[in-house]
Amino acid sequence: MTGLTPSPSTGPLWWDSPTAASSSADATSTPDPRAPDLPQTADVVIVGGGYTGLWTAYYLLREQPDLEVLVLEAEHVGFGASGRNGGWVSALWPVGADSLEARHGRTATLAQLAALRDTVDEVGRVDAEEALGAGFVKGGALIVARTPAQEARARASAAHSASWDDGTTWLDAAATRERLAVAGAHGATFTPNCARVHPRRLVDGLAAAVRRLGGRVVEGARVERTADRVVVLADGQRVTAANVVVATEGWTGTLAGMSRRITPVYSLMVATEPVDEQRWERIGLAGREVFADHGHVVIYGQRTDDGRIAFGGRGAPYHWGSQIRPEFDEEPAVFDALRSTLRELLPQLDGVAFTHAWGGPLGIARDWNPSVSWDPATRTGSAGGYVGDGVAASNLAGRTLADLVRGRDTALTALPWVNHRSPRWEPEPLRWLGVNAGLRLAQLADREEQSTGRPARLGAVLSRLTAH
């Protein structure tokens, strides 16, 4: 071990590692050059070269190889959340099953949750079949209770989950320590419906698979707007499409007319240097479980395939007008808090260096419900608003959009998130005040619980503010 690193890299850890595309000997996996000339027409134009767009292209081409599918990415494949996230392939639903049931009924909710669980395995199947190189390991998710209030919340969650048959169980403190030796853990909930991946390798591998199947993925092609199945780029080029899919997640608000559909909220991450095996024996995660806690401020982590811990969380402020800028990827105070939290969780990391720190925006709809939309009249679709749980959900969205584009009525197109309409976000300054107030309330609620040992009264206010 090298001790503390004074100046960690400010780029994503995942971007340092060889990707599936760059390491493949298959010449078709080489990215298209950033040529200015695009076709004038295509069967399907997909705006966004992240998971949602690439999964949609992949399943369209698998089912109908003669389609002309064009994916347009403003930067490079995986530039957004798809290349920056924590690598959780989870079956989590952001607002919980009860909220979904209140809107759509029990039968539809059970179908949605079952589809998400199946999707975790589908990502693993494609990773193996297409040799994406994503390092998929289905070790489950361990959500630790670190305070009496968190324990009460966790036990209630595990008991309630039994009604949804999702396999979530409560582990006592001893059983928790056998999996992950978190300091002071009161216990944990464990769900088997979660896997770990290397995010950038997954997205690069998908892009390579789309190209092998005959799709065209063009990087450096910035779209300004879409209207009447015409996609208009920043350089003035136009592509007329029989079908258009918008898959821009946190960047959706940058497109004309969409500024209040999805709000970008930043999530930040840090990563350690590779941890030696002796230390891993004291830490745990032998099954490659991902981990978090039952606090109000979201944290999340994984044991990477090269033996590091990649650890992230919320805490960065929302920026006025849903702005997205490179400098917003860095919040030194949040990075320091993440490092401190991880050391608090795992004192075994004393002396282990942190080598990377990075961030980026994810997308949240006003009611925190992800959705897939399709208008058969305009032949235009979209998906997103995953609230940070999009690694699996984007696969389900891609399969669903592929069915909708092809005019098929399937079990996927009947799921309740299809054509769910979230309300628009409030205009500024209400949006800025509300989102940042929610973040502050989450922080205060955690502090209240740490000091009192009881569930925070602020938790109810936070739930109402975030539409939970």
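This passage walks through the nonpolar cores, the aromatic pairs, two charge-over-ring contacts and one helix of a predicted model.

The cores come first. In soluble globular proteins, nonpolar side chains tend to be buried together. Here the largest nonpolar core takes in 65 residues, and the members touching the most others are Ile46, Leu54, Trp55, Val89, Leu202, Val372 and Trp417. Helix 11, spanning residues 390–405, is the top contributor to this core, supplying nine residues. A second core of 31 residues sits apart from the largest one, and Val270, Leu285, Ile309 and Val352 are among its members.

Ile46 gives a feel for the surroundings of one of those well-connected residues. Leaving aside residues up to four places away in sequence, Ile46 touches Gly53, Thr56 and Ala57, a run of Val69, Leu70, Val71 and Leu72, and also Val245 and Ala247. Part of that list can be placed in named elements: strand 2 covers 69–73, while helix 3 covers residues 51–63.

Next, the rings. A pair of aromatic rings is described by the distance of the centres and the angle of the planes. The whole structure holds 10 aromatic pairs. One of them joins Trp15 and Phe79 in a tilted arrangement, with 6.1 Å between centres and 40 degrees between planes. This pair bridges distant parts of the chain, since Trp15 belongs to helix 1 (residues 13–16) and Phe79 to the loop between strand 2 (69–73) and strand 3 (88–90), 64 residues apart. Neither partner counts as buried, because that takes under 20% relative accessible area: Trp15 comes out at 28% and Phe79 at 22%, so each is partly exposed. Trp251 joins Trp15 and Phe79 in a cluster linked by ring pairs.

Trp55 and Tyr59 make another pair, and this one is stacked because the planes meet at only 25 degrees, with centres 5.7 Å apart. Both residues lie in helix 3, four residues apart, or about one turn of the helix. Trp55 and Tyr59 are both buried, and Trp55 is also one of the best-connected members of the largest core.

Two arginines pair up with tryptophan rings as well. Arg106 places its charged end over the ring of Trp164, 4.4 Å from the centre. Arg366 lies over the face of Trp425, with 5.1 Å to the ring centre.

Arg106 falls within helix 5 (residues 106–129), whose 24 residues stretch 34 Å from first C-alpha to last, close to the 34 Å expected at 1.5 Å a residue. After helix 5 comes Ala131, with a positive phi near 50 degrees.

Conventions: Residues numbered from 1 in each chain as written. Predicted model: local features only at pLDDT ≥ 70, side-chain atom pairs only at ≥ 80, totals over all residues. Heavy atoms only, no water. Core = buried A, V, L, I, M, F, W, Y, C linked by side-chain atoms within 4.5 Å. Buried < 20%, exposed > 50% of the residue type's maximum accessible area, 1.4 Å probe, protein only. Helix = DSSP H or I, 4+ residues; strand = E, 2+ residues; numbered from the N terminus. Contact = heavy atoms within 4.5 Å. Phe/Tyr/Trp six-rings, centres within 6.5 Å; stacked < 30°, edge-to-face > 60°. Lys NZ or Arg CZ within 6 Å of the ring centre and 35° of its normal. Expected span 1.5 Å × (residues − 1).
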